[in-house]
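Colleague: I have the sequence and the coordinates open and would like to go through the fold with you. Can we take it one question at a time?

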Amino acid sequence: QVQLVESGGGSVQAGGSLRLSCAASGNSYIRKYLGWFRQAPGKGREAVAAIRAGGGSTYYATSVQGRFTISQDNANNTNYLQMNTLQPEDTAMYYCAAAAFGPGYFDYGPLAGRTYNTWGQGTQVTVSF
């Protein structure tokens, strides 16, 4: 079983930067992807970025390509989302997620929410003008 704890959210002015962290515990070898998703008030959940577990391919939503970077520290079981040039439309609750192999697991792709079976509690990011 995998547990995820996010941190690093906060308030920042447009153009600023934040780095989100996601500390994971549990069986790391069964994870396929680590991802970040966000949900703004009144909107659905959307994918932000994902990384192949173990340090491999990265995937980004078009809206954040070139501004956000996902990375992972395998030694510390932590992955990061570096967010630069933040804009007010980036305001949302950000969730870390892990896709772990197990009975019934199916890979719908690294940016599909239903690929993931473990979620963190979320961390709020607010970007003001």
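Colleague: How many bridges join β1 to β3?

Modeller: This is a predicted model. In it, β1 and β3 run antiparallel, and Ser7 stands opposite Ser21 in β3. The number of bridges joining β1 to β3 is 6.

Colleague: Which strands stand at the edges of the open sheet of 4 strands?

Modeller: The pairing in this open sheet is antiparallel, and its 4 strands come in the order β1-β3-β8-β7. On average, neighbouring strands are turned by 20° against each other, direction ignored. A strand with a single partner has one side left without a neighbour in the sheet, so the edges are held by β1 and β7.

Colleague: Which residues form a disulfide?

Modeller: A search of the whole structure finds 1 disulfide. Its sulfur atoms are 1.9 Å apart, where the cut-off is within 2.5 Å. The pair is Cys22 and Cys96.

Colleague: Is that disulfide left-handed or right-handed?

Modeller: The torsion about the S-S bond of Cys22 and Cys96 is what decides this. That torsion is about -75°, so the disulfide is left-handed.

Colleague: How many residues apart in sequence are the parts that the pair ties together?

Modeller: Cys22 lies in strand β3, residues 18–26, and Cys96 lies in strand β9, residues 92–100. Both cysteines are buried. Given those positions, the parts tied together are apart in sequence by 74 residues.

Colleague: Which strand gives the most to the largest nonpolar core?

Modeller: The largest nonpolar core has 28 residues, and those with the most contacts inside it are Trp36, Val48, Phe68, Leu81, Met83 and Tyr94. At least two residues of this core come from each of β1, β3, β4, β5, β7, β8, β9 and β11. With 5 residues, the strand that gives the most is β9.

Colleague: How many residues are in the second, separate core?

Modeller: Among its members are Ala47, Ala50, Ala97 and Tyr116. This core is separate from the one with 28 residues. Its residue count is 8.

Colleague: What is the phi of Asn77?

Modeller: Most residues other than glycine have a negative phi. Asn77, in the loop between β7 and β8, is not a glycine, yet its phi is positive. Asn77 counts as partly exposed, at 24% relative accessibility. Its phi is about 55°.

Colleague: Is Thr85 buried or partly exposed?

Modeller: Thr85 is found in the loop between β8 and β9, and has a positive phi of about 50° although it is not a glycine. Buried would need under 20% relative accessible area. Thr85 has 40%, so it is partly exposed.

Methods: Residues are numbered from 1 along each chain as its sequence is written. This is a predicted model: local features need pLDDT of at least 70, side-chain atom pairs count only at pLDDT 80 or more; totals for chains, interfaces and linings use all residues. Side-chain values use heavy atoms; hydrogens and water are left out. Buried means under 20% relative accessible area, exposed over 50%, partly exposed in between (1.4 Å probe, protein chains only). A nonpolar core is a set of buried Ala, Val, Leu, Ile, Met, Phe, Trp, Tyr and Cys residues joined through side-chain atoms within 4.5 Å. Two strands pair if DSSP finds at least two bridges between them. Axes are lines fitted to C-alpha atoms, for helices over the stretch in contact, and angles run from 0 to 180 degrees between N-to-C directions.
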